[in-house]
Amino acid sequence: LDISVKTTGELQAKESEKIMGPAGMRKANIWQTNITDMVAEGTIVDSGNYIATLDRTEVADKLKNYASELDQAQSQYIAQKLDTSLTLREARNNLINLKYGMEEKKLIYGQSIYEAPTVQRQAQIDMEKADREYLQSVENYKLRVEQAEAKTNEVFASYSQIKNNYEFTQKLLGEFTINAPKRGMVIYHRDWDGKKIQVGSRVSTWNPIVATLPNLSTMVSVTYVNEVDISKVKIGQSVRIGIDAFADHQFEGKITAVANVGEQMPNTDAKVFEVT
């Protein structure tokens, strides 16, 4: 005698590939966005085919702000380079003039041997002062170069950071158009509350799944069996499965999992056990 337990469930693929939203939303501090357009469930797509469009408003605003900041940072970087170039050129010219002055004082000191001792001493002092002033100016020039390089590097680092943010956000904007990673049939993903993700649904950084591409070669059905009948159900038992789409056909299967703990059905007193 056959002892049979009848129940209903929903057929689904055992394995499926998830079609994900933009991976960089969290890095861009975008925590969620809406689906504004999406192909119909059951659509067959090839790799690279269009799947959905996400709301670009927030990321487009960020891109616009970064573009403005980038223009400003680029202007500051160019101005810093020009200012550095002019300042160091002036310092180099000053060094050249000091060097000429130092050589001039040396010539005067050499000619002072025919003068009185006081004149010779004054010429020597002037020569030593010119020499010391030149050497100090050389050291100051080195410090100015280091200071200018540090300031320019600081401005360039700020410019580079903003440029990277702009380029990243620009790339992210393109990812708000979702395409299929491979060939398959588009199936809407169910959220934590069981509702299908579709046009108007939110896609968050914590659960960025937009849809799935199931592998239809192996299917499973998750169903719930009343606690009165669960003792009759064991892993490995044979199952006959009828599908609404193929009313005249039955398919063979086996039980692969039976829950150890029951759960309460919504709005009823019945306790059921999940069976795959």
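Biologist: Which of the elements of the protein has the lowest mean pLDDT, and which the highest?

Modeller: Since this is a predicted model, the place to begin is pLDDT, the predictor's confidence in each residue. Here strand 12 (residues 263-264) has the lowest mean pLDDT among the elements, at 88, while strand 4 (residues 50-54) has the highest, at 96. For the protein taken as a whole, the mean pLDDT is 91, and 100% of the residues reach 70 or more.

Biologist: Turning to single residues, is Thr33 buried or exposed, and what does its side chain reach?

Modeller: A residue is called buried when its relative accessible area is under 20%. Thr33, which is found in strand 2 (residues 32-38), counts as buried because its relative accessibility is 6%. Its side chain reaches the backbone oxygen of Asp55 at 2.9 Å. Asp55 also appears in the list of residues in contact with Thr33 once neighbours within four places in sequence are left aside, and that list further holds Met25, Leu54, Phe176, Ser201, Arg202 and Val203.

Biologist: How does one read a second threonine, Thr152, and where is it placed?

Modeller: The same steps apply. Thr152 has its place in helix 2 (residues 117-174), and it counts as buried because its relative accessibility is 14%. A polar atom of the Thr152 side chain lies 2.8 Å from the backbone oxygen of Ala148. Not counting residues up to four places away in sequence, Thr152 touches Tyr77, Gln80, Lys81 and Thr84.

Biologist: Which sign does the phi of Asn29 have, and where is Asn29 found?

Modeller: The general idea is that most residues other than glycine have a negative phi. Asn29 has a positive phi of about 60°, although it is not a glycine. Asn29 is found in the loop between strand 1 (9-20) and strand 2, and it is described as partly exposed because its relative accessible area is 45%.

Biologist: Which residues make the nonpolar surface patch?

Modeller: For a residue to belong to such a patch, its relative accessible area has to be over 30%. In this structure Leu11, Leu216 and Met219 make a nonpolar surface patch of about 240 Å². To take one of these residues, Leu216 lies in strand 9 (residues 209-226), and it is partly exposed, with a relative accessible area of 45%.

Definitions and conventions: Residues numbered from 1 in each chain as written. Predicted model: local features only at pLDDT ≥ 70, side-chain atom pairs only at ≥ 80, totals over all residues. Heavy atoms only, no water. Patch = residues over 30% accessible without salt bridge, like charges linked within 9 Å, V, L, I, M, F, W, Y side chains within 5 Å. Areas by Shrake-Rupley, 256 points an atom, 1.4 Å probe, with all protein chains shown as cover. Salt bridge = Lys/Arg side-chain N within 4 Å of Asp/Glu carboxyl O. Helix = DSSP H or I, 4+ residues; strand = E, 2+ residues; numbered from the N terminus. Buried < 20%, exposed > 50% of the residue type's maximum accessible area, 1.4 Å probe, protein only. Polar contact = N/O pair within 3.5 Å; in protein donor to acceptor, adjacent residues only side chain to side chain. Contact = heavy atoms within 4.5 Å. pLDDT = per-residue confidence, 0-100.
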